[in-house]
Amino acid sequence: QSDQISPEELVIHASMLAVSTHMFLCTAGPLISAIFSIPSLSIRDRRAYCLLFEAVGLSVLQFKTLLSSKTLDWVEYAPNELVELNGEDMYFLYSG
């Protein structure tokens, strides 16, 4: 038994640590961002949450996570502007 680690083991353990850290940050990053970057919801965000997402069991923190990760985004159009739907995204009309 030696108290020293071999170079091969060091490389393997460092690689595993790097991969684990990357996966943790990818998973926890949006949640941490939601907690610190969006202290409260705007009136528009709160209305969208109450009308669309609360009924299906999404928590406010989960909704904030979607906003901070840019999964949900507000797009504004001029009055009478033609919008072509691509069939891949979901669209909700806020007003108009």
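Here are some short exercises with worked solutions on a predicted model.

**Exercise 1. Find the aromatic pairs in the whole structure and say how each one is arranged.**

Step 1. Let's begin with the count: the search turns up two aromatic pairs.

Step 2. Take Tyr 49 and Phe 63. Their ring centres lie 5.4 Å apart and their planes meet at 50°, so this pair is tilted. Tyr 49 belongs to helix α2 and Phe 63 to helix α3, and the two residues are 14 residues apart, so the pair links distant parts of the chain.

Step 3. Now take Phe 53 and Phe 63. This aromatic pair is also tilted, with 5.2 Å from centre to centre and 40° between the planes. Phe 53 sits in helix α2 and Phe 63 in helix α3, so the pair ties together parts that are 10 residues apart in sequence.

Step 4. Put the pieces together: Tyr 49, Phe 53 and Phe 63 make up one aromatic cluster.

**Exercise 2. Decide whether Tyr 49, Phe 53 and Phe 63 are buried or exposed.**

Step 1. Recall the cut-off: a residue is buried if its relative accessible area is under 20%.

Step 2. Tyr 49 has 5% relative accessibility, so Tyr 49 is buried.

Step 3. Phe 53 has 15%, so Phe 53 counts as buried too.

Step 4. Phe 63 has 1%, so Phe 63 is buried as well.

**Exercise 3. Describe the surroundings of Thr 65.**

Step 1. Locate the residue: Thr 65 is part of helix α3.

Step 2. Check its accessibility: at 18%, Thr 65 counts as buried. The buried residues of α3 are Phe 63, Lys 64, Thr 65, Leu 67 and Ser 68.

Step 3. Look at the contact of its side chain: the side chain of Thr 65 reaches the backbone oxygen of Leu 61 at 2.8 Å.

**Exercise 4. Work out how many disulfides the model has, and describe Cys 26 and Cys 50.**

Step 1. Remember what you are looking for: a disulfide is a covalent bond between the sulfur atoms of two cysteines.

Step 2. Apply the cut-off, which asks for a pair of cysteine sulfur atoms within 2.5 Å. The count comes to zero disulfides.

Step 3. Now see how accessible the two cysteines are. Cys 26 is partly exposed, with a relative accessible area of 48%, and Cys 50 is partly exposed at 37%.

**Exercise 5. Characterise the largest pocket by its volume and its lining.**

Step 1. Start with the volume, which is about 1000 Å³.

Step 2. Next comes the lining, with 29 residues; Trp 74, Val 75, Phe 92, Leu 93 and Tyr 94 lie nearest the centre of the pocket. The elements giving two or more residues to this lining are α2 (43–53) and α3 (60–68).

Step 3. Compare the contributions: α2 supplies the largest share, six residues.

Step 4. Sort the lining by class: 19 residues are nonpolar, four are polar and six are charged.

**Exercise 6. Examine the backbone angle phi at Lys 70 and Asn 80.**

Step 1. Keep the general pattern in mind: most residues other than glycine have a negative phi.

Step 2. Lys 70 follows α3 and has a positive phi, near 65°.

Step 3. Asn 80 is not a glycine, yet its phi is positive, at about 65°. Asn 80 is placed in the segment after α3.

Step 4. Finish with accessibility: the cut-off for exposed is over 50%, and Asn 80, at 82%, counts as exposed.

How values were computed. Residues are numbered from 1 along each chain as its sequence is written. This is a predicted model: local features need pLDDT of at least 70, side-chain atom pairs count only at pLDDT 80 or more; totals for chains, interfaces and linings use all residues. Side-chain values use heavy atoms; hydrogens and water are left out. On a 1 Å grid over the protein atoms alone, a cavity is a set of points where a 1.4 Å probe fits but cannot get out, and a pocket is an open set with protein on both sides within 12 Å along at least five of seven lines; lining residues have an atom within 4 Å of a point. Grid points are joined across faces, edges and corners, and a volume is the space filled by probe spheres set on the points. Helices (H or I, at least four residues) and strands (E, at least two) are DSSP runs, numbered from the N terminus. Ala, Val, Leu, Ile, Met, Phe, Trp, Tyr, Cys and Pro count as nonpolar, Asp, Glu, Lys and Arg as charged, and the others, Gly among them, as polar. Buried means under 20% relative accessible area, exposed over 50%, partly exposed in between (1.4 Å probe, protein chains only). A polar contact is a pair of N or O atoms within 3.5 Å; within protein, one must be able to donate a hydrogen and the other to accept it, and residues adjacent in sequence count only if both atoms are side-chain atoms. Rings of Phe, Tyr and Trp (its six-membered ring) pair if their centres lie within 6.5 Å; planes under 30 degrees apart count as stacked, over 60 as edge-to-face and the rest as tilted.
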